[in-house]
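Visitor: Could you pick a single part of this model and take a close look at it with me? I would be glad if you then followed the threads that lead away from it.

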Amino acid sequence: MLQRTFSRALLVLGTILFLTVSSFAADLVITGKVQDEKGNELAGATVTVKGTSKGANTDANGNYRINVTSAEDVLVFSYIGYNKEEIIVGSKSVINVKLTPGDATLNEVVVTALGVSREARTIGYAVTTVNADVLNKARENNIGNSLAGRVAGLNVKGTNGGPGSTAKILMRGMPSINSAGSPLIVINGVPMDNTQRGSAGEWGGADGGDGLGNLNPDDIENMTVLKGQSASALYGARASNGVILITTRKGKKGDFSIEYNANLTADSPINFTDFQYEYGQGMGGLKPTTVVGAQQTARMSWGAKLDGSQVIQFDGNQYAYSAQRNNVKNFYRTGSNFTNTVSVTKGGDNGSFRISASNLDNKSTLPNSGLVRKTFNVTADQNITSKLSVSLLANYIDERITAKPQLSDGPLNANNGYLLATNIDERILAPGYNPTTGREVVFSDDNYVTNPYFVINKYINDVNRKRLISMISTKYQFASWIYAQARVGYDNSNDRINNVTPYGTDYSYQFKDGILLGSGGLNELSNAQRTELNIDGLVGINKAITPAFTIDALVGGNIRKNQYEKISIGGGPFVLPGLYSFNNVVNFNRNYEVANTEVQSGYYSVDLGYKNFLNLTTTGRYDTYSTLPSANRGIFTPSVNAALVFTDLVKVPNLSFGKLRAGYAVTSGEPTTAYGTSVYYGVGSALNGIPTGNFNSNLPNLFLKPFTKTELEVGLELKFFGNRLGLDAAVYTQKTRNEILPANYSASTGYTSGVVGTGSVQNTGLELLLTGTPVKTSKLAWNVSLNLTSVHNKVLQTDANNNPISLGSNRATLGNAITAFVVGEAGPQIRAYDYKYASNGQIIVDASGLPVRGDLINMGTVLPTLYGGLNNEFIFGGFNLSFLIDYNYGNKILSATENYAYRRGLAKETLVGRETGITTGVVEGGAANTVRASAQDYYTALANNVTKVSVLDGDFIKFRQLTFGYNVPAALLTKVPLIRAVNISLVGRNLFYITKKATNIDPESSFGANLRYSGIEGASLPSVRNYGVNLNIKFK
Amino acid sequence: MMRKKLIALTLLIGSAQLSCTDNFDAINTDPTRASSAIFDPNLLLPSIQYNHVNANSGYNGPILFQAGWIQILASTTSGAANYYSNADKYVISSNTNDYLQRTWSIDYTAASYAYEMEQLTNNNAALVNLNNIAKIMQVQCLANITDTYGDVPYTQALQAKSNGVTLPAYDSQDAIYKNMLSRLETATAALSSSAALPTNDAFAYKGDITKWKKFGYSLMLKLAMRLTKSDLATAKTYAEKAVAGGVFTSVDDDAYVVANNANGYGNSNGQALTTGADIYQVRWSKTLIDYLKATNDPRLSVVSEVPVDGLAANQLVTAGNSTPSAQLGLPNGYDLNGGATDISKSPNYPGGTGSGADATPIGKYSRPTTIYRNRDAPLFVLTYAETELLLAEAATRGFTVGGTAAGHYKNGVVAGMQSLAKYGTGGTISSTTASTYADANPLVAANALKQINEQIWATTGLLMNFMESWNNWKRSGFPALTPVNYTGNFSNGQIPRRQPYPTNEATLNTASYTSAVSKLSGGDNWTSRVYWDKQ
């Protein structure tokens, strides 16, 4: 009922808009020039009509032109680093101003929820804006990764998944059990789809990438991070993980420029392993002596001491039995990323536009894998009348990924070479197939571990995404104090996947009656369409009730529809070699997936201001979710927050600005998938012509209701010594209730999982941002900023029985070490088996002298509890140098690499007892063990039984980014035709670890793209060091 | 005016997008699946049947565990890297913990389908047969699970949806067996040829309710005979009830599912045996081949071949030499690592085949023939041969089952050979050959239990029903096997007698699991004995 009323209200709103179009007076045109204190023209200064969203920017000569509706209107002039100036229009038609240098923050405007611009000083919650200039020189192909270390409260990790990989972004710890974790991404005021398209798990798979990663960094002006629930209350469900607002670059009034940006960087693979190179291939201390023995032991370094002698290999040839340390370097190549972007911007009196075209050519470090991304972006703003304005955004992306790599422990993963025995040069595996028959050459005892050269020569996994993110927004300014706005956003992506197990893949050979049927298979030839439609309308007022009291309020409604449909065909084995067509298979299969959801919402926001130093904001939102049963579909969630600029009341020496803020907010959420609230039966493929039926092993829940998240936040902002030193601090506590999550059940219940609505987690945290300008002279400026986040998560409840909820694993330790949500512990928690200890604390071994399994213990969370970054920027003349160091403490890693390093005799630890064997511990009952176990048996049993040896410490400090730039002085360019400005920057990212605790691995490495696989590592692409050059040319 | 129209149009188009939430139920209805209102429970029967046989084949456990434990198959793979070490040497591979939970997971899934089929047909007189078949199939699945793991959830199992039980208690195997036998009795008796027949039967019965009735009683016989060591009285009672009800009478009554790889219902044994590494590494055990050769068993040339000489040929499926005299079983417990347990150090090592880079040290050992390298091959549940052999034992023990022990034994031996024909013409052994063999190798009363149970072992093993070979070995002690004692093994040099519980039971069903483990004398390991497996 409420929803129907709301829909009608929108209709009425539309009618009012229509009827009132002609009822306001004509405009006055004001022009003028904005200059600094020395009389220099300020280009790009902002001129707004106070209390409205109407605004203009000055052109290159400092000139502006703006329409006002009455003589009482007040023009506000602002420019970053200068004091704001307010002038009443009166009878003037030309208004020139000189701005004086001042406090940047006092008049800083930030974009907040729903795209509403507000003065930073009036906001009662934590907001951080990152400008694109720090993101797009030393760039990441997924711009999400560029936020790492930049924003207090934000934790970002990439995935070692090759081209088009996901950026895992977590706001304020683990935001909820249920979520994939990623914040809501809003582009120019309209949410975009950021679905993670699949992730590798313990059984292998590829990282399907996310939605954010499609954007071209060159099109982005800035990214604003709304951290708390107050900030995001107006966006509803998905904003419970925080919100990242992306503002794209736009044309500015009076501006006409053509800009070219080239960015060329190289990705250099890094080998983090620190294995033993004393003993070589073999088992039981012996070298292989036969071809089959060599094949059997290709990934076993339990052989003899490396002595340089000639030893047979799987291919029948003899090779030196000596250390091969360069397999990573030899197998992978130096990757490259080459981006070219051209953009044209132009601004006129009543409108502006920007058009850009960009091409990214990314060659992965994995030979034959790469990505080409073409992006076309158009933004336009137009005043149709003095009251009616329209904004448009169209962002078209064509992304083609070639040979998207398989990760983790599945076949056709090319990244297993690092586990080869210490004396094998990976290059002897090339070309990986028999040139005559095309059949894979199996190099090891396990043909599910595909020959890496076969993979890079034959594997096909091509993903083509065509995506259009579009938005149209209209705004009608009835009067200086009232406006209405309607927006429609449509994000449509089509993914075409062609994934082939190549003909010749050894494990895929199929025979019948001794006759070869074929090999390989078409895993998937599919087309998936994913759309998100957002329709949003609101009416806002913005008025001074008395000179002291202002009100800024809006009421609106939103409809969001998400649709997903995927059709795929496949089959196998291939009959003819090399023809990877759907018709060339023995058996066919097909798949169809669909998911449709809708949310309807109404919301309001009221902000009351008193003398511009005290602001009180309250919001409320009612959401109805299609994914929930009709009885429990809707929920109202409120928020309230306040900001007090206390330095306007009391003057404290050296304190130039002080603000205290506090907020309380509730947001709600829905199940992550559709159709979870009814029982369904399916029809499966026929068994020898007999139709079959089935039902999902995931038990639906008929009684779900929206989950909620509440947050209390207090913050303090201080600026000292004329803004030379700043502090922004926030403390918060959050709690979720009735979280909808998958519970794991024992298969003996008839189901392996179920949907429950009982989850609850708590986060408490502290965020600090310290900024300073230690040096500021005419020749040199040094800016420094340090951010710090401390967050503590605790799972309060899981399912009704408070059973742990299992998440991920890796296949090396499958079931014996997992991540899980455990009540009372921080999530996701690594659980692994300890030694079994005797009462005197000694470890217990079995009759063979091998360590036995003790208790399953909680080893710590996979998410850091303390993290942040330190950024330094030096500006001297035309040069600037900046570097970012970030740090990460308190998390653990479940490492398959470490486990395999023990099992396969690669870990340095396995050198102990190689010659002598190991006699350790006590037997059950307490008597000293006298049985000597061989090192191979001991460490194999250790890796299997005592999985805590596979759990590593994730702490690190990393030298993340370095940029060194030079702006060619304008004086040098005055005589150069065409060119107006040139900036050239040398950049480097992910340069080196200043310190890290984990050996053998990169503590940031992971194969899984979501919370489920956070902190689980193994057999993904090597991490890379990235360095290059960025060239930016602006044309006249 | 133009402008107004434009605006009006925009707004109207915008408003047209608005809707109300009345259609939310429709939006949240999965268009690809059915509600119970239109679902036909008959469709679940083939899903039960396939999942159950799949839980008992291939990498889902048996070919990597039981097949080697009871020395039907052997393999020289070793170390942590290869999965056949689990079977041949009781040495973990990197994925052992995965393999050991698959029978549990898949067979409980099968049982869950059966339970749901029962629920959907309760109080529906027209579907009384389907309802009782659902009960029989639950017994079939749960018996397999309890035989493999010991005490398991039974009375509270499968009820997450119907009763909200997510932490089912484990029942003692003693109680499970008693309940299964009485349940079978009721359900089998209730099958009626006058009611609707099941329409989607994946067994060769094609819905024939007479055959289903025989299946129910034959299953009862098998379960009854499991108890000969632990509860002889119950064994006798139910074995006699089974015979009175009517058990299998010919190989046409064999319960099996023909796999259908094209549609995703592959034979997991066939899949394993056509995988590159497995073609090379999986051989018949010396124990089996010696047994078959000792009596010139006609099955030898059907099931066994020595590959063409040389490493490359050993890795291909090309048919080898099936001459019975050439067959040689691979001794269990050896590797290719050059040390003391290298195959070349085995007694009477025959040498390899091929030379140079094409040399293979295991080239002279027999491997399964082409009939097994078939992903569409049948997967056996229970055969007439087993039934007759169990009746031979029952008669030997003095149970009232009709006929003579020797007569049942002969029937069992002949049937065991004839069931191989279900693998296709390559598996056919003529009835004359089979009878001639059976007559030449009659049951000797003094040696009856040994003969009968060795025959069950060979018959089920050659039909690749390794679970059954293993369970019957546990029960009967035949054949007498010499365990492998390979360094670093997980069962203290003993042949494993159960599979440990899936590792996630400790976290998913903690209290029940802990309680069950506390009742295992040796703890949750590979050598603890299940209830009916008395010393």
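Guide: Happily! Let's start at A:Pro431, which sits in the loop that runs between strand 23 and helix 5 (452-458) of chain A. Please keep in mind that this is a predicted model. The peptide bond leading from A:Ala430 into A:Pro431 is cis, and its omega is near -5 degrees. The loop between strand 23 and helix 5 of chain A also holds A:Leu412. The phi of A:Leu412 is positive, near 65 degrees, although the residue is not a glycine. For background, most peptide bonds are trans, and most residues other than glycine have a negative phi.

Where else is there a cis bond to look at? A:Gly827 and A:Pro828 are joined by a cis peptide bond, with omega about -25 degrees. A:Pro828 belongs to the loop between strand 43 (817-821) and strand 44 (829-835) of chain A.

Now back to strand 23, which leads us to the empty space inside the model. Searching the whole structure gives 16 cavities of 30 Å³ or more, and the largest of them has a volume of about 810 Å³. Its lining is made of 46 residues, and those closest to the centre are A:Glu140, A:Asn145, A:Thr159, A:Gly162 and A:Val1024. Strand 23 (388-402) of chain A is among the strands that each supply at least two lining residues, and others include strand 17 (256-269), strand 22 (370-383), strand 24 (460-479) and strand 55 (1024-1035) of chain A. Which strand gives the most to this lining? That is strand 11 of chain A, with three residues. If you are thinking about the chemistry of the wall, the lining of the largest cavity divides into 23 polar, 14 charged and nine nonpolar residues.

The second largest cavity encloses about 380 Å³. It is lined by 32 residues, with A:Asn271, A:Thr273, A:Val328, A:Tyr418 and A:Pro1022 closest to its centre. The element that gives the most here is helix 4 (residues 327-331) of chain A, which contributes three residues. Sorted by class, this second lining holds 15 nonpolar, 13 polar and four charged residues.

From the cavities, let's turn to how some of the strands pair. One open sheet in chain A has three strands in the order 51-49-54, with mixed pairing. Strand 51 (951-953) and strand 54 (1016-1017) of chain A are its edges, each pairing on one side only. Strand 49 (residues 892-895) of chain A runs antiparallel to strand 51 of chain A, and three bridges join them. Within that pair, A:Leu894 faces A:Val951 of strand 51 of chain A. Helix 6 (residues 896-903) of chain A packs on this sheet and touches strand 49, strand 51 and strand 54 of chain A, with its direction about 50 degrees from that of strand 49 of chain A.

Another three-stranded open sheet of chain A has the order 4-1-7, and its pairing is mixed as well. Strand 4 (63-68) and strand 7 (97-98) of chain A are at the edges with a single partner strand each, so one side of each has no neighbour in the sheet. Strand 1 (residues 28-35) of chain A and strand 4 of chain A run antiparallel and are joined by six bridges. Here A:Leu28 has A:Val68 of strand 4 of chain A as its bridge partner.

Strand 47 (residues 866-876) of chain A is worth a stop too. It pairs antiparallel with strand 41 (residues 780-797) of chain A over 11 bridges, and A:Ser790 is partnered there by A:Leu866 of strand 47 of chain A. Strand 47 of chain A also pairs antiparallel with strand 48 (residues 879-889) of chain A, again over 11 bridges, with A:Asn871 opposite A:Leu884 of strand 48 of chain A. Two residues lie between the strands of the hairpin of strand 47 and strand 48 of chain A, and A:Gly877 has a positive phi near 60 degrees there.

Finally, a look at chain B. The axes of helix 17 (residues 405-419) and helix 18 (residues 431-440) of chain B come within 9 Å and cross at roughly 145 degrees. This crossing of helix 17 and helix 18 of chain B is right-handed. Among the residues that meet are B:Val413 and B:Met417 in helix 17 of chain B, and B:Ala434 and B:Tyr437 in helix 18 of chain B. By class, the contact between helix 17 and helix 18 of chain B has six nonpolar, three polar and two charged residues.

Methods. Residues numbered from 1 in each chain as written. Chains lettered and ligands numbered in written order. Predicted model: local features only at pLDDT ≥ 70, side-chain atom pairs only at ≥ 80, totals over all residues. Heavy atoms only, no water. 1 Å grid on protein atoms, 1.4 Å probe; cavity = no way out; pocket = protein on both sides within 12 Å on 5 of 7 lines; lining within 4 Å. Points joined across faces, edges and corners; volume = space filled by probe spheres on them. Helix = DSSP H or I, 4+ residues; strand = E, 2+ residues; numbered from the N terminus. Nonpolar A, V, L, I, M, F, W, Y, C, P; charged D, E, K, R; others polar. Pairing = 2+ DSSP bridges. Axes fitted to C-alpha atoms, helices over the stretch in contact; angles between N-to-C directions. Left-handed = near helix turned anticlockwise from the far one by under 90°. Contact = heavy atoms within 4.5 Å.
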